[in-house]
Amino acid sequence: MLEITLVLNTQSGEPLYLQLYQYFKQEIQNGRIEAGVMLPSKRKLALHLGISQNTIETAYQQLLAEGYVESKPRKGIFVKEIHHDWILNSIKVPTTTDEMEKEENGPNLIDFSHGKIALEQFPYTTWRRLTIQSMYEEQSTLFLNGDGQGELPLRNEIAKYLFQSRGVRCTPSQIIVGAGTQYLIGLLSMIIGRDAIFSMEDPGYHRTREVFKDQGVTLIPIPLDDNGISMKHLYNSNAQVTYVTPSHQFPFGMVMPITRRLELLKWAEGKERYIIEDDYDGEFRYKGKPIPSLQGLDSNDKVIYLGTFSKSLIPSIRLNYMVLPPTLLKKYQEHFSLYKQTVSRLHQHTLWQFMKEGHWERHLNKMRTVYRKRQNTLISSIRGNMGNEVAIIGEESGLHILLHVKNNMSEKQLIETAMKHKVKVYPTSVYFSQPTPEQKPMILLGFGGLTESEIEQGIQYLKKAWNLS
């Protein structure tokens, strides 16, 4: 076997597949592994390094994707001919202190983004197998246009999953698959009608707010109270449609109690009123069981349910869905059924198999455990390092929290000083329709894409950056 001198660092926080990929890439670029050399088999290398074959597979796939190696059927994976002089000349060597600092900051930056997830936990091998299987079984049919609402087998699986896990009551015919929440919100605005008066939580998800604005609808911000959207302000607004995130309010994180849910459903009994329920991360709840959906309580067909696979699977798949009540489904079928499907049929078919074979449920259970540990690490690290100098908001569920820092720094100062200490944190002011100076500065910390060691290190850096004792 090719001599491998790599020592993997399990404490660095960097995924093992990435360390292995970078090792091979550097060895090939420097000419220490020559063209034509066959890389070790996944089984042998896994035994040699004491890691899983899945890790080897992921590293090899990255090398294949970047063209450093090629796969020869029934033979193995071989190093390709690389122009080493071109590679060495194209690598820019930093010559100034500023450039060196930028290069140093890049790889070591700890990013508390709420949009990142634990990619190293994604079942790459299973997904790849099912993707290949989909193409083999269906041959060329997946390259043709499919059902505008989404593939029926997938919608069947989604309907079963929603009823079992979220209490959503629907038939597959009520489900519309689409590429992202923003696309579905735009389509929904047209189905309901742009002349309707829309409203949404304030603060609320800024990307949804921008879609409503781009659709040209009248949009009224509704403030929150301790239980979620304020019913007093909602009634006074004369809105006909309201957008809410009841299972995990974005960004504050409160869970809407049953009393407020019933009040909201009572409001929706009015003529041509609808509730848009965005259940963007309802799978991840760390205290008690997941909260049943608002849609499952609705007996008047007034709730439009939105769901996504971005948080629970991978963001780039861009596979979201909405459940339309019968009245709106009829309008969709009469006026918008000509709109073609925006999600790859191949991805839809792969996801259908993934769910049908039970991989989805197993993956979800695993991710709940992973994120619960990371959230516990984040909370305990904040309390241990920052104590009473901060207040944690919205820690019961989801993949982010808000942090109110009591050091008299502005939101901008908190972000800038954190960045100087190699930590990227995020503002919350963007989620308010009209931010005011009176709002206390709060920082959003996402933890899904960070390891436990990175989370602890990041909080220690923030403690120093914000001068907390």
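This passage describes the nonpolar cores, the sheet and one buried histidine of a predicted model. Residues are numbered from 1 along each chain as its sequence is written, and side-chain values use heavy atoms, with hydrogens and water left out. Local features require pLDDT of at least 70 and side-chain atom pairs pLDDT 80 or more, whereas totals for chains, interfaces and linings use all residues.

The largest nonpolar core (buried Ala, Val, Leu, Ile, Met, Phe, Trp, Tyr and Cys residues joined through side-chain atoms within 4.5 Å) comprises 60 residues. Among those with the most contacts inside this core are Phe 112, Tyr 371 and Trp 466. Helix 14 (residues 359-386) contributes the most, with nine residues; helices (H or I, at least four residues) and strands (E, at least two) are DSSP runs numbered from the N terminus. A second, separate core of 25 residues includes Met 200 and Leu 324.

His 359 also lies in helix 14. This residue is buried (under 20% relative accessible area; exposed is over 50%, partly exposed in between; 1.4 Å probe, protein chains only), because its relative accessible area is 16%. Beyond neighbours within four places in sequence, His 359 is in contact (heavy atoms within 4.5 Å) with Thr 126, Arg 129, Leu 130, Gln 353 and Phe 354.

Eight strands form an open sheet of mixed pairing in the order 4-11-10-9-8-5-6-7, where pairing requires at least two DSSP bridges between two strands. Strand 4 (175-178) and strand 7 (228-229) are the edge strands, each pairing on one side only. Strand 6 (residues 218-225) runs antiparallel to strand 7 and is joined to it by two bridges, with Leu 224 opposite Ile 229.
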